[in-house]
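Trainee: Could you take me through one part of this protein in detail? I'd like a close look at how one helix is built and how it sits against its neighbour.

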Amino acid sequence: MSTDSEIIQRSLGQPRAFAELFDRHARTVGGYAARRLGPDAGEDILSETFLVAFARRKSFDTSWDSALPWLYGIASRLIRKHRAREAKHFRSSVESAQREEHISQGDLESTIARLDAEISTRELAPRIAALSKKERETLLLYAWGDLTYEEVAVALGVPVGTVRSRMNRIRTRLDPARAITRERVVKEKEGAVDGRFRARA
């Protein structure tokens, strides 16, 4: 099977070959866009993403076999242009949670599993909405896009260390109780070590 990189290189001389890339990744990219903006806007983003990708295919870094992080990067930039719709989508999620209507169980379980935190729907939606734009984008690429930290870094054009730092901040903001517990454990360990050293002295 051809790699994404090979398909893109082949499409430079045979434009129709680019359709293979669409067939391979449209469902994944479209699903991510739909989760961010809703199904209608998600379809628009999907179409725009592949139009932009086709126009810019010469700039693709051929050292990557997979084009998925690159496509996510394009989709994310396009999604930024729909910030008003995105905010509306999250407000709607909060209102649904207040009416005891739950976010899609699959979405919730996926997000919680990736964040290793047991947070209720009522708590999760407004906390995600309260994140900064960069933090929210990092979280959703990781949790919904199912990308690794390295792939998120490629998609956003930032160092992988930045992604790790953002995810640590995000975990703290989404589950502050867990962060307090971790801090208490660290302090207790430090106290135990200090106590042993004092005893020896």
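Mentor: Here's a walk through helix α2 and its partner, with the overall picture before it and two other residues after it.

Bear in mind that this is a predicted model. The protein has eleven helices and zero strands, so to speak an α-only pattern along the sequence: α-α-α-α-α-α-α-α-α-α-α. Of its 201 residues, 41% count as buried. If you look at contacts with a sequence separation of 6 or more, 64% of them link residues 24 or more positions apart. As for the surface, about 11600 Å² is exposed, and carbon and sulfur atoms supply 51% of that.

Now for α2 itself, which covers residues 19–37. Trace it and you'll hit a kink of about 55 degrees, centred on H25. H25 is also one of the buried residues in α2. The others on that list are L21, A26, V29, G30, Y32, A33, R36 and L37, so you can see an arginine and a tyrosine there under the 20% cut-off for relative accessible area. Right after α2 comes G38, with a positive phi near 95 degrees.

Next up is helix α3, residues 39–55. Two packed helices are described by the angle between their axes and the distance between the axes. Here the axes of α2 and α3 come within 8 Å and cross at roughly 140 degrees. That makes the pair oblique, because only angles over 145 degrees would count as roughly antiparallel. The crossing of α2 past α3 is right-handed.

Which residues do the touching? From α2 you have L21, F22, H25, A26, V29, G30, A33, A34 and L37, and they meet P39, A41, G42, I45, L46, T49 and F50 of α3. H25, the centre of the kink, is thus on the α2 side of this contact as well.

For a look elsewhere, try T138 in helix α8, residues 133–143. T138 is buried, because its relative accessible area is 0%. Leaving out residues up to four places away in sequence, T138 touches V152, L156, V163, R166, M167 and I170.

Set that beside V154, which lies in helix α9, residues 149–156. V154 counts as partly exposed because its relative accessibility is 35%. With residues up to four places away left out again, V154 touches W64 and P69. V154 and Y72 are 82 residues apart in sequence, yet their C-alpha atoms are 9.0 Å apart in space.

Definitions and conventions
Residues numbered from 1 in each chain as written. Predicted model: local features only at pLDDT ≥ 70, side-chain atom pairs only at ≥ 80, totals over all residues. Heavy atoms only, no water. Helix = DSSP H or I, 4+ residues; strand = E, 2+ residues; numbered from the N terminus. Buried < 20%, exposed > 50% of the residue type's maximum accessible area, 1.4 Å probe, protein only. Contact = heavy atoms within 4.5 Å. Areas by Shrake-Rupley, 256 points an atom, 1.4 Å probe, with all protein chains shown as cover. Bend = angle between axes of the 7 residues up to and from the residue. Axes fitted to C-alpha atoms, helices over the stretch in contact; angles between N-to-C directions. Parallel < 35°, antiparallel > 145°, perpendicular 65-115°, else oblique. Left-handed = near helix turned anticlockwise from the far one by under 90°.
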